Each structure stands twice: as C-alpha cells, then as structure tokens.
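Visitor: Could you take me through one part of this model closely? I would like to look at a sheet and the helices that pack against it.

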Amino acid sequence: MNPATARTTDFIGEEPVVSIRALAAAIAEAMTRKGYSTYDDDYNDRILVYRTGDAPEKITVREMQDRTRAAILAILADTEKTDDTRTSRLARTTRRLIEQRVFGAQNYVAKVAAAARDLLPMLSEEEHDAIREAINPTTKRTRTQYVAEFRAKQGAQHREEALEVLRKWAAGLPAGRHDLGDVWAAWRQAVTSSAKVACRFPGAVAIGRTKFYELLPEVGTVVTGHARKRYLVIPGA
C-alpha cells in the first residue's frame, strides 16, 4: 500500500501530512530487503541498527534518520505522480515541508525513522556477535563477556544503593545483639514496603541475602554465638 493512501494522517505544524506509521511500514519493508536489522542492547539500554551483507555496517541514529529522510522524499516524489488528487496533494505537501525543513519536520522524520527501526527484524545474540566481529575483528567480545560486564556494573550499583539505605536504616536499630535472620527479615520488610526506596534506590530492594550480609560490617560488628549462630552487634551510644 502506498503510504499516502492511508486513511490516517499526521501533522507537521498545522499541515496534514502522510501517516508516520504507514511511511515507517513501507520503509522498514524496503530496508529489510536490503539487509537492515536491529539488536536490543540491554547492556546500554538502546537498540542498535545494522546493515548485513558482504560489507556489514553499524548505522548510527543520525545515519538512520538521514537514510529515512531520503527514502521518504523518494516515496513522496513518486506518489505525487498519481492521478488521485488527494493522495498527490498530501504527498506534495509533505515533501515540501520536509525539504524546506520547517519547524517540526525533523521531528517528523525522526519519528518515522524510530518507527521503521522498530519494525526491522531482530538479530540473535550469536548473529550480533558475528556482525560485530565482521565490522571490527580486533574488538571481538563474546556474549558471556558482555553479560559478565553488565552484571558486574549492575551489582556494584546495587551495592552502593543498598549501602546508602542500610546506613540510615541501621541507625534506627537499638543497641545490642540482633539475630542475622531477624535483621534480614526486618530489612526486607522495610525496603519492600517503601515506595520511595523502590523509586530512588532500587538496588536496596534487588540485593540478595548473601550480599546484604556482606554489607553488615559497615554498620556494626558481626559475631558468632552459640551453635554457630551469627548476630549483628549495634554499639551503644
């Protein structure tokens, strides 16, 4: 379907223009045939675009927008030749606004590019590793290394957030010995029932029992009592 014949339209300023969704679908279909695909990079929380083939390449956001703009203008120029007056006029108006770079035109192109990107086929982890190595063989990194780095970074962040909350929380504990199991249970109750903690310090909620115990020496002394039972000792004032 020609994008300009879509029943819905969008706007650049107050001017009705060709539907973003319809344009994106047409462009994504053409890009897919040319080998474009995406990869969900959870380590950096972004979606990467590649073009596969004999000379694979990574497509930057700017390049994706530039190529989308060129594709839009080509589609519109071709559509203007149609005998349907309404379709031809809509295509002509849209092309004119984009070429003149009026306010809102770049945002329109960016939205088409993002929507087209989201319709491209997704690379698997193995395919992504292969294309990255093909583009730059000297920087090969396996998925295992990638995940390990991500988890280490996330773990360090969780630890810092949990420690910040723990210091404040432990200051409210009475002096004396506290069974570690009871301390953990009280901590979990405190952090999971606080919307503020969940929003500002998600690491405090995410940290597990073992890592939590490793943080306790920061706020008190951990000792072993009868039957190897362990306690957190909070010093008196």
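Guide: Helix α5 (residues 125–135) lies across β3, β4 and β5, and runs at about 60° to β4. Keep in mind that this is a predicted model. The sheet under that helix is open, with three strands in the order β3-β4-β5 and antiparallel pairing. Its edges are formed by β3 (36–41) and β5 (57–59); each has a single partner strand, so one side of each is left without a neighbour in the sheet. On average, neighbouring strands here are turned by 35° against each other, direction ignored.

Let's go into the pairing itself. Strand β4 (residues 46–51) joins β5 over three bridges, in the antiparallel sense. If you want a spot to centre your view on, try Y50, whose bridge partner in β5 is K58. A second helix belongs in this picture too: α2 (residues 61–79) packs on the sheet, where it touches β3, β4 and β5, and its direction makes about 85° with that of β5. So much for the sheet and its two helices.

From here you can step to a neighbouring pair of residues in space. A30 sits in helix α1 (residues 20–33). With 21% relative accessibility, A30 counts as partly exposed, because the buried class ends at under 20%. A30 and T68 are 38 residues apart in sequence, while their C-alpha atoms are 11 Å apart in space.

For comparison, here is the other strand pairing in the model. Strand β8 (residues 230–234) runs antiparallel to β6 (residues 176–179), and four bridges join the two; within that pairing, R177 stands opposite V233 in β8. Strand β7 (residues 221–224) also pairs with β8, again in the antiparallel sense and over four bridges, and there V222 stands opposite L232 in β8. Five residues lie between the strands in the hairpin of β7 and β8, and one of these details is worth a look: A227 in this hairpin takes a positive phi near 55°.

As background for that angle, most residues other than glycine have a negative phi. Another positive value is found at R101, a residue other than glycine with phi near 50°. R101 lies in the loop between α3 (85–99) and α4 (105–119), and at 55% relative accessibility it counts as exposed.

Note on methods. Residues numbered from 1 in each chain as written. Predicted model: local features only at pLDDT ≥ 70, side-chain atom pairs only at ≥ 80, totals over all residues. Heavy atoms only, no water. Pairing = 2+ DSSP bridges. Axes fitted to C-alpha atoms, helices over the stretch in contact; angles between N-to-C directions. Contact = heavy atoms within 4.5 Å. Buried < 20%, exposed > 50% of the residue type's maximum accessible area, 1.4 Å probe, protein only.
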